[in-house]
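Biologist: I would like a close look at one part of this model. Please keep it brisk and stay with the details.

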Amino acid sequence: MGIAAAALSLSLLAAAVWTLFPNAPGPLRQVGERVSRPFHRLFSAGSEALAQGKRYIAGMEALQAENQALRQALAQGEAAARAGELAQGENQRLRALLSLDSGEQPLQLTDAWVLSRSPDNWRACVTLDKGSRENIQAGQCVIDAQGALVGRVEEAGEDWATVALVTDPSFSLSGQGTVSEALGALEGRLDLMQAGVLAFTDLSQGQQGQLGEGVVTFSQGGKYPAKLLVGTVTSLAPDPGGLLSTAVVTPAADLEHLGQVFVVTAF
(Lines give C-alpha, C1' and ligand atoms only; values in the text may rest on other atoms or scores of the structure.)
Protein backbone atom coordinates (compact mmCIF):
# COMPACT_ATOMS: atom_id res chain seq x y z
CA MET A 1 0.00 0.00 0.00
CA GLY A 2 2.88 2.41 0.86
CA ILE A 3 4.59 1.71 -2.46
CA ALA A 4 1.35 2.26 -4.40
CA ALA A 5 0.70 5.50 -2.55
CA ALA A 6 4.22 6.68 -3.23
CA ALA A 7 3.87 5.82 -6.90
CA LEU A 8 0.58 7.67 -7.13
CA SER A 9 2.10 10.69 -5.38
CA LEU A 10 5.06 10.72 -7.79
CA SER A 11 2.71 10.37 -10.73
CA LEU A 12 0.58 13.27 -9.56
CA LEU A 13 3.71 15.33 -8.92
CA ALA A 14 5.02 14.63 -12.38
CA ALA A 15 1.69 15.49 -13.92
CA ALA A 16 1.58 18.72 -11.97
CA VAL A 17 5.14 19.63 -13.05
CA TRP A 18 4.24 18.96 -16.69
CA THR A 19 1.07 21.01 -16.37
CA LEU A 20 2.56 23.92 -14.43
CA PHE A 21 5.88 24.04 -16.26
CA PRO A 22 5.18 23.29 -19.92
CA ASN A 23 8.75 24.53 -20.81
CA ALA A 24 10.45 22.11 -18.47
CA PRO A 25 13.52 20.16 -19.70
CA GLY A 26 12.87 17.34 -22.16
CA PRO A 27 13.25 14.27 -19.89
CA LEU A 28 11.13 15.77 -17.15
CA ARG A 29 8.55 16.91 -19.70
CA GLN A 30 8.35 13.39 -21.20
CA VAL A 31 7.85 11.85 -17.77
CA GLY A 32 5.07 14.35 -17.02
CA GLU A 33 3.34 13.60 -20.27
CA ARG A 34 3.48 9.83 -19.74
CA VAL A 35 2.23 10.07 -16.19
CA SER A 36 -0.54 12.60 -16.83
CA ARG A 37 -1.89 10.94 -19.99
CA PRO A 38 -4.00 8.29 -18.11
CA PHE A 39 -5.43 11.00 -15.87
CA HIS A 40 -6.40 13.09 -18.90
CA ARG A 41 -8.10 10.07 -20.43
CA LEU A 42 -9.87 9.35 -17.15
CA PHE A 43 -10.98 12.98 -16.87
CA SER A 44 -12.17 13.02 -20.50
CA ALA A 45 -14.09 9.76 -20.01
CA GLY A 46 -15.73 11.15 -16.86
CA SER A 47 -16.67 14.36 -18.63
CA GLU A 48 -18.18 12.43 -21.53
CA ALA A 49 -20.15 10.18 -19.15
CA LEU A 50 -21.44 13.25 -17.31
CA ALA A 51 -22.47 14.86 -20.61
CA GLN A 52 -24.24 11.67 -21.67
CA GLY A 53 -26.07 11.57 -18.33
CA LYS A 54 -27.23 15.18 -18.80
CA ARG A 55 -28.42 14.42 -22.34
CA TYR A 56 -30.29 11.32 -21.07
CA ILE A 57 -32.03 13.31 -18.33
CA ALA A 58 -32.95 16.05 -20.79
CA GLY A 59 -34.31 13.45 -23.19
CA MET A 60 -36.40 11.83 -20.45
CA GLU A 61 -37.83 15.19 -19.41
CA ALA A 62 -38.74 15.98 -23.03
CA LEU A 63 -40.35 12.53 -23.40
CA GLN A 64 -42.39 13.03 -20.21
CA ALA A 65 -43.56 16.44 -21.42
CA GLU A 66 -44.57 14.94 -24.77
CA ASN A 67 -46.44 12.10 -23.05
CA GLN A 68 -48.30 14.61 -20.88
CA ALA A 69 -49.27 16.64 -23.95
CA LEU A 70 -50.46 13.47 -25.71
CA ARG A 71 -52.53 12.44 -22.67
CA GLN A 72 -54.17 15.87 -22.57
CA ALA A 73 -54.90 15.74 -26.30
CA LEU A 74 -56.37 12.24 -25.90
CA ALA A 75 -58.58 13.36 -23.00
CA GLN A 76 -59.82 16.33 -25.03
CA GLY A 77 -60.51 14.06 -27.99
CA GLU A 78 -62.46 11.62 -25.83
CA ALA A 79 -64.50 14.47 -24.32
CA ALA A 80 -65.28 15.78 -27.81
CA ALA A 81 -66.27 12.29 -28.94
CA ARG A 82 -68.64 11.89 -25.98
CA ALA A 83 -70.17 15.30 -26.70
CA GLY A 84 -70.61 14.27 -30.32
CA GLU A 85 -72.30 11.03 -29.32
CA LEU A 86 -74.69 12.90 -27.02
CA ALA A 87 -75.49 15.41 -29.76
CA GLN A 88 -76.05 12.62 -32.26
CA GLY A 89 -78.38 10.79 -29.86
CA GLU A 90 -80.37 13.95 -29.18
CA ASN A 91 -80.55 14.67 -32.91
CA GLN A 92 -82.00 11.20 -33.54
CA ARG A 93 -84.59 11.68 -30.79
CA LEU A 94 -85.64 15.04 -32.16
CA ARG A 95 -85.93 13.64 -35.68
CA ALA A 96 -88.19 10.89 -34.38
CA LEU A 97 -90.36 13.46 -32.61
CA LEU A 98 -90.71 15.56 -35.75
CA SER A 99 -92.65 12.75 -37.36
CA LEU A 100 -94.75 12.10 -34.27
CA ASP A 101 -98.45 12.88 -34.51
CA SER A 102 -101.06 12.15 -31.88
CA GLY A 103 -103.57 11.21 -34.55
CA GLU A 104 -105.68 14.28 -33.77
CA GLN A 105 -103.29 17.21 -33.92
CA PRO A 106 -99.56 17.82 -33.54
CA LEU A 107 -98.08 17.85 -30.05
CA GLN A 108 -96.36 20.81 -28.46
CA LEU A 109 -93.45 19.38 -26.48
CA THR A 110 -91.06 20.62 -23.82
CA ASP A 111 -87.94 18.53 -23.38
CA ALA A 112 -86.64 17.73 -19.91
CA TRP A 113 -84.13 15.43 -18.25
CA VAL A 114 -84.75 13.00 -15.42
CA LEU A 115 -82.89 14.09 -12.29
CA SER A 116 -83.87 11.35 -9.84
CA ARG A 117 -86.22 8.47 -9.11
CA SER A 118 -88.47 7.73 -6.14
CA PRO A 119 -86.32 6.36 -3.29
CA ASP A 120 -88.80 3.74 -2.02
CA ASN A 121 -90.55 0.61 -3.31
CA TRP A 122 -94.04 2.07 -2.98
CA ARG A 123 -93.91 4.57 -5.82
CA ALA A 124 -92.68 4.67 -9.41
CA CYS A 125 -91.95 8.36 -9.92
CA VAL A 126 -89.20 10.49 -11.42
CA THR A 127 -88.25 14.14 -10.97
CA LEU A 128 -87.57 16.34 -14.01
CA ASP A 129 -85.29 19.37 -14.26
CA LYS A 130 -88.01 21.71 -15.58
CA GLY A 131 -91.29 22.98 -14.21
CA SER A 132 -93.92 25.70 -14.37
CA ARG A 133 -91.42 28.20 -15.74
CA GLU A 134 -91.54 26.13 -18.95
CA ASN A 135 -95.36 25.80 -18.79
CA ILE A 136 -95.24 22.30 -17.28
CA GLN A 137 -98.32 21.58 -15.17
CA ALA A 138 -99.91 18.72 -13.28
CA GLY A 139 -101.90 16.33 -15.47
CA GLN A 140 -99.78 16.68 -18.60
CA CYS A 141 -98.56 13.53 -20.34
CA VAL A 142 -94.87 12.69 -20.63
CA ILE A 143 -93.49 10.66 -23.54
CA ASP A 144 -90.11 9.35 -24.68
CA ALA A 145 -88.37 10.05 -27.99
CA GLN A 146 -90.38 7.33 -29.74
CA GLY A 147 -93.68 8.81 -28.59
CA ALA A 148 -94.38 6.09 -26.02
CA LEU A 149 -96.17 7.18 -22.87
CA VAL A 150 -93.88 7.48 -19.85
CA GLY A 151 -96.37 8.85 -17.32
CA ARG A 152 -98.19 12.00 -16.19
CA VAL A 153 -96.99 15.07 -14.36
CA GLU A 154 -98.11 14.78 -10.75
CA GLU A 155 -96.78 18.05 -9.36
CA ALA A 156 -94.76 20.95 -10.78
CA GLY A 157 -92.63 23.59 -9.12
CA GLU A 158 -90.94 26.53 -10.78
CA ASP A 159 -87.96 24.53 -12.05
CA TRP A 160 -88.88 20.91 -11.30
CA ALA A 161 -91.72 18.46 -11.85
CA THR A 162 -92.65 15.05 -10.45
CA VAL A 163 -93.92 12.45 -12.91
CA ALA A 164 -95.91 9.35 -11.92
CA LEU A 165 -94.84 6.60 -14.31
CA VAL A 166 -97.44 4.40 -15.98
CA THR A 167 -96.59 1.64 -13.47
CA ASP A 168 -97.10 3.85 -10.41
CA PRO A 169 -100.13 2.92 -8.23
CA SER A 170 -101.53 6.44 -8.63
CA PHE A 171 -101.49 6.34 -12.43
CA SER A 172 -104.81 6.02 -14.26
CA LEU A 173 -105.93 6.81 -17.82
CA SER A 174 -108.40 5.40 -20.32
CA GLY A 175 -106.97 3.06 -22.92
CA GLN A 176 -107.94 1.22 -26.07
CA GLY A 177 -106.65 -1.88 -27.82
CA THR A 178 -105.34 -1.19 -31.31
CA VAL A 179 -106.71 -4.46 -32.77
CA SER A 180 -109.67 -5.45 -30.61
CA GLU A 181 -110.61 -1.79 -29.98
CA ALA A 182 -111.43 -2.88 -26.44
CA LEU A 183 -111.90 0.04 -24.06
CA GLY A 184 -110.73 -0.06 -20.47
CA ALA A 185 -108.80 1.69 -17.73
CA LEU A 186 -105.01 1.76 -17.67
CA GLU A 187 -103.93 1.52 -14.04
CA GLY A 188 -100.72 1.17 -12.16
CA ARG A 189 -100.86 -1.38 -9.35
CA LEU A 190 -98.55 -2.03 -6.45
CA ASP A 191 -98.57 -5.78 -7.05
CA LEU A 192 -97.53 -5.24 -10.69
CA MET A 193 -95.14 -2.34 -10.20
CA GLN A 194 -92.14 -4.45 -9.21
CA ALA A 195 -92.51 -6.42 -12.45
CA GLY A 196 -92.56 -3.17 -14.42
CA VAL A 197 -96.05 -3.69 -15.90
CA LEU A 198 -99.53 -2.16 -15.51
CA ALA A 199 -103.13 -3.32 -15.72
CA PHE A 200 -105.68 -2.80 -18.49
CA THR A 201 -108.88 -3.30 -16.54
CA ASP A 202 -112.67 -3.27 -16.86
CA LEU A 203 -112.64 -5.04 -20.21
CA SER A 204 -116.07 -6.36 -21.12
CA GLN A 205 -116.63 -9.99 -22.03
CA GLY A 206 -117.13 -9.08 -25.68
CA GLN A 207 -113.99 -6.94 -25.78
CA GLN A 208 -111.39 -8.69 -23.71
CA GLY A 209 -108.40 -7.57 -25.70
CA GLN A 210 -105.91 -9.73 -27.57
CA LEU A 211 -102.48 -10.98 -26.68
CA GLY A 212 -99.73 -9.04 -28.42
CA GLU A 213 -101.88 -6.09 -29.45
CA GLY A 214 -100.87 -2.54 -28.70
CA VAL A 215 -102.67 -0.35 -26.22
CA VAL A 216 -102.97 3.41 -26.70
CA THR A 217 -104.52 6.26 -24.74
CA PHE A 218 -108.19 6.97 -25.30
CA SER A 219 -109.38 10.50 -24.61
CA GLN A 220 -112.95 11.29 -25.51
CA GLY A 221 -113.03 14.57 -23.61
CA GLY A 222 -109.67 15.84 -24.84
CA LYS A 223 -108.09 16.11 -21.40
CA TYR A 224 -104.92 14.47 -22.69
CA PRO A 225 -103.69 13.35 -26.13
CA ALA A 226 -105.32 10.28 -27.65
CA LYS A 227 -103.52 7.42 -29.37
CA LEU A 228 -100.25 7.71 -27.46
CA LEU A 229 -98.69 4.26 -27.36
CA VAL A 230 -98.72 2.81 -23.85
CA GLY A 231 -97.53 -0.75 -24.38
CA THR A 232 -98.39 -4.30 -25.44
CA VAL A 233 -100.81 -6.82 -23.94
CA THR A 234 -98.73 -9.69 -22.56
CA SER A 235 -101.35 -11.65 -20.61
CA LEU A 236 -105.10 -11.86 -20.00
CA ALA A 237 -106.83 -12.67 -16.72
CA PRO A 238 -110.62 -13.28 -16.91
CA ASP A 239 -112.66 -12.05 -13.99
CA PRO A 240 -113.97 -14.88 -11.77
CA GLY A 241 -117.50 -13.49 -12.21
CA GLY A 242 -117.16 -13.74 -15.97
CA LEU A 243 -118.33 -10.19 -16.66
CA LEU A 244 -115.05 -8.34 -16.95
CA SER A 245 -111.44 -9.24 -17.59
CA THR A 246 -108.06 -7.65 -16.97
CA ALA A 247 -105.05 -7.57 -19.25
CA VAL A 248 -101.44 -7.00 -18.25
CA VAL A 249 -99.61 -4.43 -20.37
CA THR A 250 -95.84 -4.15 -20.72
CA PRO A 251 -94.90 -0.48 -21.25
CA ALA A 252 -93.41 0.51 -24.58
CA ALA A 253 -91.14 3.08 -22.91
CA ASP A 254 -87.96 1.89 -21.19
CA LEU A 255 -88.86 3.12 -17.72
CA GLU A 256 -85.69 1.77 -16.11
CA HIS A 257 -83.33 3.82 -18.27
CA LEU A 258 -85.03 7.18 -18.67
CA GLY A 259 -82.90 10.15 -19.63
CA GLN A 260 -84.39 12.81 -21.85
CA VAL A 261 -88.20 12.89 -21.94
CA PHE A 262 -90.79 15.23 -23.45
CA VAL A 263 -93.75 16.83 -21.70
CA VAL A 264 -96.85 17.40 -23.85
CA THR A 265 -97.68 21.00 -22.90
CA ALA A 266 -100.30 21.44 -25.63
CA PHE A 267 -101.98 19.33 -28.31
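In what sense do E10 and strand E11 (residues 244-251) pair, and over how many bridges? Please take in the strand before them and the loop as well, then go on to the other strands.

Modeller: A caution to begin with: this is a predicted model. E10 and E11 pair in the antiparallel sense, over seven bridges. One position shows the register. Ala237 has Thr246 as its bridge partner in E11.

Now step back along the chain. Strand E9 covers 214-217, and strand E10 covers 229-238. E9 and E10 also run antiparallel, joined by three bridges. Here Val216 stands opposite Leu229 in E10. E10 therefore pairs with E9 and with E11, given that two strands count as paired when at least two bridges are found between them.

The loop between E9 and E10 deserves a slower look. Ser219 is found there. Its relative accessible area is 11%, so Ser219 is buried. The cut-off for that label is under 20%. The side chain of Ser219 has polar neighbours in the backbone. One of its polar atoms lies 3.1 Å from the backbone nitrogen of Gly222. The backbone oxygen of Tyr224 lies 2.9 Å from a polar atom of the Ser219 side chain. Both distances, 3.1 Å and 2.9 Å, fall within the 3.5 Å limit for a polar contact.

Lys227 sits in the loop between E9 and E10 too. Its phi is positive, about 65 degrees, although Lys227 is not a glycine. Lys227 has 55% relative accessibility, so it counts as exposed. The loop thus holds a buried residue, Ser219, and an exposed one, Lys227.

Asn135 offers a parallel case in another loop. It is found between E2 and strand E3 (141-143). Asn135 is not a glycine either, yet it has a positive phi of about 70 degrees. Its relative accessible area is 39%, so Asn135 is partly exposed. That label lies between the buried and exposed cut-offs, under 20% and over 50%.

Next, the strands around E2. Strand E1 (residues 108-117) and strand E2 (residues 125-128) run antiparallel, with three bridges joining them. Arg117 has Val126 as its bridge partner in E2. E2 also pairs with strand E5 (residues 161-165), again in the antiparallel sense, over four bridges. In that pairing, Leu128 stands opposite Ala161 in E5. E2 is therefore paired with E1 and with E5, by the criterion of at least two bridges.

Two cysteines fit in here. Cys125 has 7% relative accessibility and so counts as buried. Cys141 counts as buried as well, at 1%. The structure holds zero disulfides. A disulfide is a covalent bond between the sulfur atoms of two cysteines.

Last, a place away from the strands. Tyr56 lies in helix H2 (residues 26-98). Tyr56 is exposed, with a relative accessible area of 56%. It belongs to a nonpolar patch on the surface, formed with Ile57, Met60 and Leu63. Together these residues have about 400 Å² of accessible area.

To return to your request: E10 and E11 pair antiparallel over seven bridges, and E9 is joined to E10 by three. In the loop between E9 and E10, the Ser219 side chain has a polar atom 3.1 Å from the backbone nitrogen of Gly222 and one 2.9 Å from the backbone oxygen of Tyr224.

Technical notes:
Residues are numbered from 1 along each chain as its sequence is written. This is a predicted model: local features need pLDDT of at least 70, side-chain atom pairs count only at pLDDT 80 or more; totals for chains, interfaces and linings use all residues. Side-chain values use heavy atoms; hydrogens and water are left out. Helices (H or I, at least four residues) and strands (E, at least two) are DSSP runs, numbered from the N terminus. Buried means under 20% relative accessible area, exposed over 50%, partly exposed in between (1.4 Å probe, protein chains only). A polar contact is a pair of N or O atoms within 3.5 Å; within protein, one must be able to donate a hydrogen and the other to accept it, and residues adjacent in sequence count only if both atoms are side-chain atoms. A disulfide is a pair of cysteine sulfur atoms within 2.5 Å. Patches are made of residues with over 30% relative accessible area and no salt bridge: like charges are joined within 9 Å, nonpolar side chains (Val, Leu, Ile, Met, Phe, Trp, Tyr) within 5 Å. Accessible areas come from the Shrake-Rupley method with a 1.4 Å probe; for residues, only the protein chains shown count as cover. A salt bridge is a side-chain nitrogen of Lys or Arg within 4 Å of a carboxyl oxygen of Asp or Glu.
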